[in-house]
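Thanks for coming. I have one structure to go through today, so let me put it on the screen.

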Amino acid sequence: MKRLGLAILFFAFLVALWEWAFRARIWSPVLLPAPEQVAQYLKNAAEDGTLFHATLITMRRLLTGYLIGIIGGLPLGLLTARWKIFHDTIGTMALGLQTLPSVCWVPLALLWFGQSEAAMLFVVVMGTLWSVVIATDTGVRNVPPIYRRAALTMGSKRLHMWFRVILPAALPFIVSGMKQGWAFAWRSLMAAEIFVTILTGFGLGQLLHYGRELSAMDQVIAIMLVIVVIGLLADKIFFSPIESFLHRRWGTSP
Amino acid sequence: MIFRHKTGSVTEELALIPPSKLAIENVSKSFRTSSGTVLALDRISLSVAEAEFVCLVGASGCGKSTLLNIIAGLEKPDSGRVLADGKPVTTPGRERLVMFQESALFPWLDALGNVLFGLKLKPNLTNRDRLDVARYYLELVGLTRFERANIHELSGGMKQRVALARALAPNPRVLLMDEPFAALDALTREQLYGDLQQIWTSRRKTIVFVTHNVREAACLGDRVLLFSPHPGRIQEEFPIDLPRPRDINNVDLAARASRIMHALKSFGQTEAAAVAK
């Protein structure tokens, strides 16, 4: 309770600081609108459905790409961990591409797929996939050999070994890879939405883009806030429970 | 009391099964290291009777753990073979379960989940039966209250108790123990000596127990086999005919242990002398 109170106090202070900066006219109101204007925009956008619609479209793109990235990344990571030949080839490629900032995929995606959903999906998948491959590979390699040996003597082999021993043992690594993948997917989707202006649906990134085109700073800031809140919620709702479960089981400190 | 509603298969699962007879015939194994090839085991032959408790003692690096792994089927010998009840051992199998030195318990499962792991791989049991069997063994090692505990919450001694329950649960004929108590404090160890002897008497298993602790070997074993390193060979054999249960602090036991210790040191010196020449 005390922690929550302090956190609320902190954010209230930030808003107060903002309000003060606005009133002091340090910057032009066009560049720095009042908190109230931003709140007003949010209220209107929420009421006329723009915000909800844009969030839905963005989340659909994000989740589709993210899931494809994980579904593709996990088996690839297992392959690279299990066989040297895959490690030297796919593993090296994954390592290289993982270092590539995901926004760098946008020009290529635009030329390949044009202004389309496919282009955005491609960018999100590329953002997710390689982190998941690397994390799975690292996780599997870090499984203490004694777990495998113990399981072997109890009659575990092949698929049972993979699903009941190696994957669970690698779980802490895999989850942190999934979390990193999520962050990359989110970043790359925003980059894609800002650059890819298509008519198949207005996402949050596009709202942000048009806020700039219209010099509507309240819209820009409001959408940025929404994006931050979604990122926070995803962390608190999805990743935090998994991580705290892992910390409890493994006895690692959070 | 857990077995008020014993089903047929649980009774069967918990029934005593005949322990195995082991025959190790001319087993050799060498390893390549950066400083050349090391002969870890040099034509080891050894037979272990049904329900016998054999301790392998020696300095670290004498190949005793390697022999245990070969008996388990986790490693293959370069030459020679291991027979369990007359059948050659080629792969690991739940007839011969291993209890490792460091905790090999799975941190993603709780205590009960760990004991259940091997049971789930046994066909022809219902999940209800498996649960009953797992709880029986947790009770046997005195950890009924901790079945839902995470592994990291258990003390070192409790961890090894869970490991013992896990190794016993699939009802193996042979228990292979690789320095299972080495990392524990003296008091906990003493307790476990008592428990292990009792369990061995009640569950009738053939046990091969590897240790570098001479006193421990004399306390637990029917026979203590002394290994010499480089190359790994069985140097000497000490039958221990003291009555059971044995107390680690018993005077007769201490006398046996010091005899074994003396032998252990003497070939250490001959080896040093050989190196000096």
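I will take the two domains of chain A, and then one helix of chain B.

Bear in mind that this is a predicted model.

Start with chain A. The domain assignment splits chain A into domain 1, residues 1–30, and domain 2, residues 33–250. Taken over C-alpha atoms, the centres of these two domains of chain A are 31 Å apart. Six residues of domain 1 of chain A and seven residues of domain 2 of chain A make up the contact.

How much area do domain 1 and domain 2 of chain A bury between them? The figure is about 570 Å², and 69% of it lies on carbon and sulfur atoms. On the domain 1 side, Trp18(A), Phe22(A) and Val30(A) supply 74% of the area buried against domain 2 of chain A, more than any other three residues. The residues on that side, where domain 1 of chain A touches domain 2, divide into five nonpolar, no polar and one charged.

As for polar links, the count of salt bridges between domain 1 and domain 2 of chain A is zero. There is one residue pair in polar contact between these two domains of chain A, with both residues at pLDDT 80 or more.

Now to chain B, and helix α3, residues 111–120. Nine of the ten residues of this helix of chain B are buried, so the helix is largely enclosed by the rest of the structure. The buried residues of α3(B) run through Ala111(B), Leu112(B), Gly113(B), Asn114(B), Val115(B), Leu116(B), Phe117(B), Gly118(B) and Leu119(B).

That is what I had; questions are welcome.

Definitions and conventions. Residues are numbered from 1 along each chain as its sequence is written. Chains are lettered from A and ligands numbered from 1 in the order in which they are written. This is a predicted model: local features need pLDDT of at least 70, side-chain atom pairs count only at pLDDT 80 or more; totals for chains, interfaces and linings use all residues. Side-chain values use heavy atoms; hydrogens and water are left out. Domain bounds come from an automatic or database domain assignment. Contact means heavy atoms within 4.5 Å. Buried area is the accessible area (1.4 Å probe) that two parts lose on being put together, summed over both. A salt bridge is a side-chain nitrogen of Lys or Arg within 4 Å of a carboxyl oxygen of Asp or Glu. A polar contact is a pair of N or O atoms within 3.5 Å; within protein, one must be able to donate a hydrogen and the other to accept it, and residues adjacent in sequence count only if both atoms are side-chain atoms. Ala, Val, Leu, Ile, Met, Phe, Trp, Tyr, Cys and Pro count as nonpolar, Asp, Glu, Lys and Arg as charged, and the others, Gly among them, as polar. Buried means under 20% relative accessible area, exposed over 50%, partly exposed in between (1.4 Å probe, protein chains only). Helices (H or I, at least four residues) and strands (E, at least two) are DSSP runs, numbered from the N terminus.
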